[in-house]
Amino acid sequence: MAEKELIVIESGEAEQPFNYSIGLYGSKFFKELRDRRVFVGSKCPKCKKVFVHPRKVCGECYVEMKDFVNVGPKGKIGTFTILRYAFIDPETGEQKPVPYGYGFIQFDGADTLFQHYISIDDEKKVKVGARVEPVFSEERKGTIKDILYFRIID
Ligand SMILES: [Zn+2]
């Protein structure tokens with residue numbers, strides 16, 4: 001007699017634990033963010049550009065950067081999008097509430113852009129050049145999630 005059994009496999013949480021190194025510069029960035037809520041960039045000794053996240057070599061000058069500078073925490077929106085299409089967030093395995101903002105922030109004192117969520121409480125205020133500040137997580141662990149999102153400041 002054939003047995004008919006439907007097997008259901010639950011994916012449960014979308015947790016996929018693994019470890020990887022973020023390097024000396026990445027570690028410095030996230031340690032300062034976690035411990036002091038400070039954003040750190042690396043400054044090129046030749047062209048003087050400040051990179052956030054910090055990186056070891058200037059991609060334009062090909063010289064090593066050893067100087068760290070604090071930037072922000074305030075900045076401005078370089079570009080952004082407002083997402084309105086619901087999807088499964090790969091970090092949580094749950095549907096991401098929509099709409100939400102995502103953009104590229106240029107910290108005061110930095111020359112590069114930093115990606116993160118942008119609060120869209122008042123969509124009319126979300127525009128290129130709008131001033132923003134970070135909203136931090138109460139419990140910081142040294143990850144990008146230590147920043148909840150950036151919010152518009154007037
Ligand atoms: Zn340079």
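These are my notebook entries on a predicted model with a zinc ion, two nonpolar cores and two loop residues.

**Ground rules.** I number residues from 1 along each chain as its sequence is written. Local features need pLDDT of at least 70, side-chain atom pairs count only at pLDDT 80 or more, totals for chains, interfaces and linings use all residues, and side-chain values use heavy atoms, with hydrogens and water left out.

**Entry 1: the zinc ion.** I looked up its protein donors (N, O and S atoms within 2.8 Å of the metal, or 3.2 Å for Na, K and Ca; water is not among the atoms, so sites may look incomplete). They are the SG atoms of Cys-44, Cys-47, Cys-58 and Cys-61, 2.3 to 2.4 Å from the zinc. Their spacing along the chain is C-x2-C-x10-C-x2-C. Why is the arrangement tetrahedral? The four donor atoms subtend angles of 105 to 114° around the zinc ion, so the arrangement is tetrahedral; four donors count as such if all angles lie between 85 and 135 degrees.

I then followed one pair of donors. Cys-47 sits in the loop between strand S1 (39-43) and strand S2 (50-51), and Cys-61 in the loop between S2 and strand S3 (67-71). Strands are DSSP runs of E, at least two residues; helices are runs of H or I, at least four; both are numbered from the N terminus. Cys-47 is partly exposed at 30% relative accessible area, whereas Cys-61 is buried at 17%. Buried means under 20%, exposed over 50%, partly exposed in between (1.4 Å probe, protein chains only).

**Entry 2: the cores.** A nonpolar core is a set of buried Ala, Val, Leu, Ile, Met, Phe, Trp, Tyr and Cys residues joined through side-chain atoms within 4.5 Å. The largest has 21 residues, and Phe-39, Val-52 and Phe-107 have the most contacts inside it. Helix H1 (23-36) gives the largest share, three residues. A second, separate core of five residues includes Cys-44, Phe-51, Cys-58 and Cys-61.

I checked Phe-107 for contacts (heavy atoms within 4.5 Å). Beyond four places in sequence, its partners include Phe-39, Val-52, Phe-114 and Phe-150.

**Entry 3: two loop residues.** Asp-89 lies in the loop between S4 and S5. Asp-89 is buried yet has no salt bridge, and the nearest side chain of opposite charge, Lys-96, is 4.3 Å away. A salt bridge needs a side-chain nitrogen of Lys or Arg within 4 Å of a carboxyl oxygen of Asp or Glu.

Val-126 lies in the loop between S6 and S7. Val-126 is buried at 7% relative accessibility. Its contacts beyond four places in sequence include Ile-77, Phe-80 and Ile-152.

Note on methods. Tetrahedral: all angles 85-135°; square planar, octahedral: opposite > 155°, others 65-115°. Lys, Arg positive; Asp, Glu negative; His and termini not counted.
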